[in-house]
Amino acid sequence: MPGFQVYIPAAGSRRGSPAVAGPFLGAPWAVMGLEMLVASGARRVWVLSWCGSILPEVRIGDFIVPISAIAEEGTSAHYPLGGRRAGADPLIVRALTSRLETLGLVHHQGTVWTTDALYRETPAKVRLYQEQGVAAVEMELSALMTVAAFRGVALGALLVVSDELFEFKWRPGFRSTPFKESSRRAGAVLLDCIAQRRA
């Protein structure tokens with residue numbers, strides 16, 4: 001999976017102006033970026049990234065709005081939440097879902113699996129998470145959600161499905177037309193949502 005772009009309200013005016021940071025690849029680098037953004041005044045973070053589908057109904061070019069993430073990366077454990085659960089900000093989830101529905105774009109909500117170990121996305125592990133209804137695998141979100149909860153900032157994400165693993169072998173779609181078109185539209189969806197939140 002690639003890095004992501006983060007859209008933030010920059011410090012300054014009452015509501016702030018959108019800014020862009022990234023891309024970042026993997027949980028440690030993404031969290032370094034998020035920590036710097038929060039220290040600079042970011043209070044609402046919109047993440048745009050790619051992911052691999054592990055459910056047959058989630059196909060290349062589809063959109064996913066994650067509500068939670070399973071942490072199989074090493075960064076989240078350094079941010080104890082005292083029994084609280086990390087997840088996406090409900091207002092950001094609602095804004096993204098509403099915009100996707102308005103545009104008639106195929107999208108899914110649910111849990112994603114975050115891993116540091118690309119070469120350990122084994123058939124057994126994919127099957128395990130399929131049975132739990134996990135939609136996709138990626139490399140940053142569980143850590144980003146955890147740090148956002150720890151720092152008290154709102155964070156949500158829009159993922160574009162770039163590849164498929166649900167048949168237990170890798171099917172890349174990075175050069176496909178559906179993926180390229182959805183990637184272009186994803187940026188516009190985020191910017192539309194940010195503009196509406198600032199109106």
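**Figure 1. Q109 sits in strand β5 of this predicted model.** Strand β5 covers residues 107–115. Is Q109 buried or exposed? Q109 is partly exposed, because its relative accessible area is 45%, which falls between the 20% limit for buried and the 50% limit for exposed. Leaving out neighbours within four places in sequence, Q109 is in contact with V65, I67, V93 and T97. G52 and Q109 lie 57 residues apart in sequence. In space, their C-alpha atoms are 14 Å apart.

**Figure 2. Helices α1 and α4 pack against each other.** Helix α1 spans residues 27–39, and helix α4 spans residues 141–151. Their axes are 9 Å apart and make an angle of about 30°. Angles under 35 degrees count as roughly parallel. The two helices are therefore roughly parallel to each other. The crossing of α1 past α4 is right-handed. Which residues of α1 and α4 meet? From α1 come A27, A30, V31, L34, E35 and V38. From α4 come A143, L144, V147, A148 and R151. Nine residues of this contact are nonpolar, two are charged and none is polar.

**Figure 3. The largest nonpolar core holds 51 residues.** Which of its residues touch the most other members? They are W46, I64, L96, L155 and L158. Several elements give two or more residues to this core. The helices are α1, α2 (90–103), α4 and α5 (177–198). The strands are β3 (44–53), β4 (63–72) and β7 (154–164). Strand β7 gives the most, with seven residues. In soluble globular proteins, nonpolar side chains tend to be buried together.

**Figure 4. L96 touches residues from distant parts of the sequence.** Residues up to four places away in sequence are not counted here. What does L96 touch? Its partners are W46, V65, A157, L158, V189, L190 and C193. Another core, of seven residues, lies apart from the largest one. Among its members are W113, V134, V137 and L165.

**Figure 5. F168 has a positive phi.** The residue is not a glycine, yet its phi is about 70°. Most residues other than glycine have a negative phi. Where is F168? F168 lies in the loop between β7 and β8 (171–172). F168 counts as partly exposed, because its relative accessibility is 34%.

Notes
Residues numbered from 1 in each chain as written. Predicted model: local features only at pLDDT ≥ 70, side-chain atom pairs only at ≥ 80, totals over all residues. Heavy atoms only, no water. Axes fitted to C-alpha atoms, helices over the stretch in contact; angles between N-to-C directions. Helix = DSSP H or I, 4+ residues; strand = E, 2+ residues; numbered from the N terminus. Parallel < 35°, antiparallel > 145°, perpendicular 65-115°, else oblique. Left-handed = near helix turned anticlockwise from the far one by under 90°. Contact = heavy atoms within 4.5 Å. Nonpolar A, V, L, I, M, F, W, Y, C, P; charged D, E, K, R; others polar. Core = buried A, V, L, I, M, F, W, Y, C linked by side-chain atoms within 4.5 Å. Buried < 20%, exposed > 50% of the residue type's maximum accessible area, 1.4 Å probe, protein only.
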